Amino acid sequence: MRFAVIADIHGNALALEAVLADIDAQGVSDILNLGDHLSGPLEAARTADLILARDMVSVSGNHDRYLRGDPAALHEWEADCYRELTPAHHAWLASLPFSRVWKDDVFLCHATPREDNHYWLETVSPEGVVHARPLAEVEAMAEGVSQSLILCGHTHIARTVRLSDGRLIVNPGSIGCPAYEDDLPYYHKVEAGAPHAAYAVIERTAHGWTVEFRLVAYDSAAAAAIASARNRPQWARAIATGRC
Ligand SMILES: [Fe+2]
């Protein structure tokens, strides 16, 4: 049992293409996809077409939920992408489940098992420092999930946390958005520090789940140029450098 885990593509079709080629090169066919697929000033429709051309096991992210809601309530940088999408793309977004179980022993969610917009493995201090959440809090948020492997995305930070009972939580990092700023709960930055497209390959072994984090180099300058052309310089800088 060996499979790829991807998350937080955010409309970066160039990064997704590079990751799909890397997945194919490894002979991996199953792809689990943790949401926030299209939102961003990049190539939302082309990203949706790339995803729909594959038989992925996907869940909804908070930004996928926003795209299903009132268009007037979207962030400015999401509104462009909303207008690009076809009825088929919207129908696919509407079909995405909040969470799901794959092959009985893998649990997929976007952020946490109960919320699509909360940090799980990280927390933010009032000073804006992002750090690893205390284990007891992570475990409390995993209550009720019985699978031995639990997958989440949302914070764009590649990380594993092993719970006291042996369950393993994995965040594969972000394919398309290596850095961002947020005002909630306090102003903070998340920065991968490099522009690579991040994902994970996971395999079940006799000793548990082996996790391989992969950072795929791709034409991030071209992706950044798309954001620049759409007058989103912060996105362009983040995509080009992995820093805000
Ligand atoms: Fe998210």
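The dialogue below covers how to read several features of this predicted model.

Visitor: Where should one begin, and which residues have the most contacts inside the largest nonpolar core?

Guide: The general idea comes before the case. In soluble globular proteins, nonpolar side chains tend to be buried together. In this predicted model, the largest nonpolar core has 45 residues. Those with the most contacts inside it are Ile 6, Leu 16, Val 19, Ile 23, Leu 38, Ile 175 and Tyr 199.

Visitor: Which elements give two or more residues to this core?

Guide: Two strands are listed, strand 1 (2–6) and strand 13 (197–205). The helices listed are helix 1 (13–25), helix 2, helix 4 (76–84), helix 5 (87–95), helix 7 (220–229) and helix 8 (233–241). The largest share, seven residues, comes from helix 1.

Visitor: Let us turn to charged pairs. How many salt bridges are there?

Guide: A pair is counted when a side-chain nitrogen of Lys or Arg is within 4 Å of a carboxyl oxygen of Asp or Glu. By this rule the count comes to 14 salt bridges. One of them joins Asp 116 and Arg 65, at 2.5 Å from N to O.

Visitor: Where do Asp 116 and Arg 65 lie along the chain?

Guide: Asp 116 is in the loop between strand 5 (106–109) and strand 6 (122–124), whereas Arg 65 belongs to helix 3 (residues 62–68). The two are 51 residues apart, and the pair thus links distant parts of the chain.

Visitor: Is Asp 116 buried or exposed?

Guide: The class follows from the relative accessible area, with buried meaning under 20% and exposed over 50%. Asp 116 counts as buried because its relative accessibility is 8%. Its partner Arg 65 has a relative accessible area of 36%, so Arg 65 is partly exposed.

Visitor: Which residue forms a salt bridge with Arg 232?

Guide: The partner is Glu 76, and the closest N and O atoms are 3.3 Å apart. Arg 232 lies in the loop between helix 7 and helix 8, and Glu 76 in helix 4, so this pair ties together parts that are 156 residues apart in sequence. The two ends fall into separate classes: Arg 232 counts as buried at 19% relative accessibility, whereas Glu 76 counts as exposed at 61%.

Visitor: Which residues are joined into one network by salt bridges that share partners?

Guide: Glu 17, Glu 43 and Arg 46 form that network. Within it, Arg 46 pairs with Glu 43, their closest N and O atoms being 3.0 Å apart. Arg 46 is partly exposed, with a relative accessible area of 30%.

Visitor: What should one look for among charges on the surface, and which residues form the negative surface patch?

Guide: Here one looks for like charges joined within 9 Å, among residues that have no salt bridge. Glu 181, Asp 182, Asp 183 and Glu 191 form a negative surface patch. Asp 182 lies in strand 11 (residues 179–182) and counts as partly exposed because its relative accessibility is 30%.

Visitor: The backbone also deserves attention. Which peptide bond is described as cis?

Guide: The bond from Leu 184 to Pro 185 is cis, with omega near -5°. Pro 185 is placed in the loop between strand 11 and strand 12 (188–191).

Visitor: What is the sign of phi at Asp 36?

Guide: Phi of Asp 36 is near 60°, a positive value in a residue other than glycine. Asp 36 sits in the loop between strand 2 (31–33) and helix 2 (44–52), and at 1% relative accessibility Asp 36 counts as buried. His 154 is another non-glycine residue with a positive phi, near 80°. The place of His 154 is in the loop between strand 8 (149–151) and strand 9 (159–162), and His 154 counts as buried at 8% relative accessibility.

Visitor: How does one read separation in sequence against separation in space, and what are the two values for Gly 153 and Gly 173?

Guide: One sets the count of residues along the chain beside the C-alpha distance. Gly 153 and Gly 173 are 20 residues apart in sequence and 6.6 Å apart in space. Gly 153 lies in the loop between strand 8 and strand 9 and is buried, with a relative accessible area of 3%. For Gly 166 and Gly 208, 42 residues apart along the chain, the C-alpha separation is 8.9 Å. Gly 166 is in the loop between strand 9 and strand 10 (168–171), and at 30% relative accessibility Gly 166 counts as partly exposed.

Note on methods
Residues numbered from 1 in each chain as written. Predicted model: local features only at pLDDT ≥ 70, side-chain atom pairs only at ≥ 80, totals over all residues. Heavy atoms only, no water. Patch = residues over 30% accessible without salt bridge, like charges linked within 9 Å, V, L, I, M, F, W, Y side chains within 5 Å. Areas by Shrake-Rupley, 256 points an atom, 1.4 Å probe, with all protein chains shown as cover. Lys, Arg positive; Asp, Glu negative; His and termini not counted. Charge placed at Lys NZ, Arg CZ, Asp CG, Glu CD. Helix = DSSP H or I, 4+ residues; strand = E, 2+ residues; numbered from the N terminus. Buried < 20%, exposed > 50% of the residue type's maximum accessible area, 1.4 Å probe, protein only. Core = buried A, V, L, I, M, F, W, Y, C linked by side-chain atoms within 4.5 Å.
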